[in-house]
Amino acid sequence: YTMSSAVIVAPATSVINTYYPATASIAAGATTISLGAASGAATPIAAGDLVLIMQMQDATINTNNDDGYGDGTTGDLVGKGATSVGKSGLYEYAVASGLSGNTLTLTCGTSNAYTSGGQSRFQVIRVPVYTNYTLGSITAQAWNGSTGGVLAFDVTGVLTLNSATVSVDGMGFRGGAARGSTTGSGAYTDYRTSVANLANGTKGEG
């Protein structure tokens with residue numbers, strides 16, 4: 001890993017990770033990943049950097065406009081989750097051998113497959129590695145639908161907590177937004193309506 005040898009003091013309320021959205025699915029054993037534009041910290045991935053590969057979203061749901069909406073189970077009236085969570089939350093660490101244009105090359109193949117497309121999204125996060133680190137008020141980039149929502153760093157030596165506050169409150173998946181409307185149509189038996197129909201609020205992420 002590429003490490004800083006000095007004792008680092010994090011500046012107040014700083015984002016220390018650089019986030020990249022993956023733009024194509026990969027199979028287990030992949031040594032390259034296609035990435036989109038970076039956000040978060042200004043430091044790009046370089047050879048020797050530690051990276052975190054994480055499947056953020058991959059769940060599927062039953063979209064029928066009936067009691068089976070969500071998990072596909074009828075008659076329960078509660079717990080309308082997903083029919084499958086897929087690979088949601090799957091992650092692994094890897095070491096970069098280089099970033100050329102939009103292509104990240106890893107020193108060895110991934111242990112897992114990751115999916116990009118539709119509502120399935122994974123990201124690659126540059127993880128700073130320090131020999132010694134004095135904690136400041138660091139935070140994550142808020143999840144924007146493609147990247148963010150994760151704070152990660154590695155310390156090989158001494159981590160000094162420094163009575164610092166680390167908070168990522170409200171920076172994860174986004175809740176469904178309310179909409180103020182006096183129009184729209186539907187029935188009390190509806191479980192979903194088109195987003196173009198202003199009868200209901202929007203569905204949150206997760």
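The legends below describe close-up views of a predicted model.

**Figure 1. Overall view of the predicted all-residue model, with its strands and its extent****.** The protein holds 13 strands and zero helices, and a reading along the sequence gives the pattern β-β-β-β-β-β-β-β-β-β-β-β-β. Taken along the principal axes, the box filled by the C-alpha atoms measures roughly 65 × 40 × 30 Å. Of the 206 residues, 33% count as buried, while the protein exposes about 10600 Å², of which carbon and sulfur atoms supply 53%. Among the contacts with a separation of 6 or more, 71% come from residues 24 or more positions apart. The side chains include 8 positive and 11 negative ones, and the centres of these two sets lie 7 Å apart.

**Figure 2. The open sheet of seven strands and its edges****.** The strands of this sheet follow the order β4-β8-β7-β6-β9-β3-β5, with antiparallel pairing. The edge strands are β4 and β5 (residues 39–40), each of which pairs on one side only. At the β5 edge, strand β3 (residues 18–21) runs antiparallel to β5 and is joined to it by two bridges, and Thr18 stands opposite Gly40 in β5. At the β4 edge, strand β4 (residues 32–34) pairs with β8 in the antiparallel sense over three bridges, and here Ser34 stands opposite Thr103 in β8.

**Figure 3. Strand β8, its two faces and the hairpin it forms with β7****.** The side chains of β8 (residues 103–106) alternate along the strand: Leu104 and Leu106 point to one face and are buried, whereas Thr103 and Thr105 point to the other face and are not buried. Strand β7 (residues 91–100) runs antiparallel to β8 and is joined to it by four bridges, and in this pairing Leu99 has Leu104 of β8 as its bridge partner. Leu104 is thus shown both as a bridge partner of Leu99 and as one of the buried side chains of β8. Between the two strands of the hairpin there are two residues, and Gly101 takes a positive phi near 60 degrees.

**Figure 4. The aromatic pair of Tyr114 and Phe122****.** The structure holds five aromatic pairs, and one of them joins Tyr114 to Phe122 in a tilted arrangement, with 5.4 Å from centre to centre and 35 degrees between the planes. Tyr114 counts as buried because its relative accessibility is 0%, under the 20% limit. Phe122 likewise counts as buried, with a relative accessibility of 1%.

**Figure 5. The aromatic cluster of Tyr130, Tyr133 and Phe153****.** The ring centres of Tyr133 and Phe153 are 5.0 Å apart and their planes stand at 45 degrees, so this pair is tilted. The pair links distant parts of the chain, since Tyr133 lies in strand β10 (residues 129–134) and Phe153 in the loop between β11 (138–139) and β12 (154–155), 20 residues apart. Tyr133 is buried, with a relative accessible area of 1%, whereas Phe153, at 27% relative accessibility, counts as partly exposed. Ring pairs bring Tyr130 into a cluster with Tyr133 and Phe153.

**Figure 6. Residues Asn162, Ser163 and Gly172 in the segment after β13****.** Asn162 lies in the segment after β13 (159–160) and has a phi near 60 degrees, a positive value in a residue other than glycine. Asn162 counts as partly exposed because its relative accessibility of 47% falls between the limits of 20% and 50%. Ser163, which is also placed in the segment after β13, has a positive phi near 50 degrees and is likewise a residue other than glycine. With a relative accessible area of 77%, which is over 50%, Ser163 is therefore exposed. Gly172 belongs to the segment after β13 as well and is partly exposed, with a relative accessible area of 32%. The C-alpha atom of Gly172 is separated by 9.0 Å from that of Gly206, although these residues are 34 residues apart along the chain.

Note on methods:
Residues are numbered from 1 along each chain as its sequence is written. This is a predicted model: local features need pLDDT of at least 70, side-chain atom pairs count only at pLDDT 80 or more; totals for chains, interfaces and linings use all residues. Side-chain values use heavy atoms; hydrogens and water are left out. Buried means under 20% relative accessible area, exposed over 50%, partly exposed in between (1.4 Å probe, protein chains only). Two strands pair if DSSP finds at least two bridges between them. Rings of Phe, Tyr and Trp (its six-membered ring) pair if their centres lie within 6.5 Å; planes under 30 degrees apart count as stacked, over 60 as edge-to-face and the rest as tilted. Contact means heavy atoms within 4.5 Å. Accessible areas come from the Shrake-Rupley method with a 1.4 Å probe; for residues, only the protein chains shown count as cover. Lys and Arg count as positive and Asp and Glu as negative; His and the chain ends are not counted. The place of a charge is taken as NZ of Lys, CZ of Arg, CG of Asp or CD of Glu.
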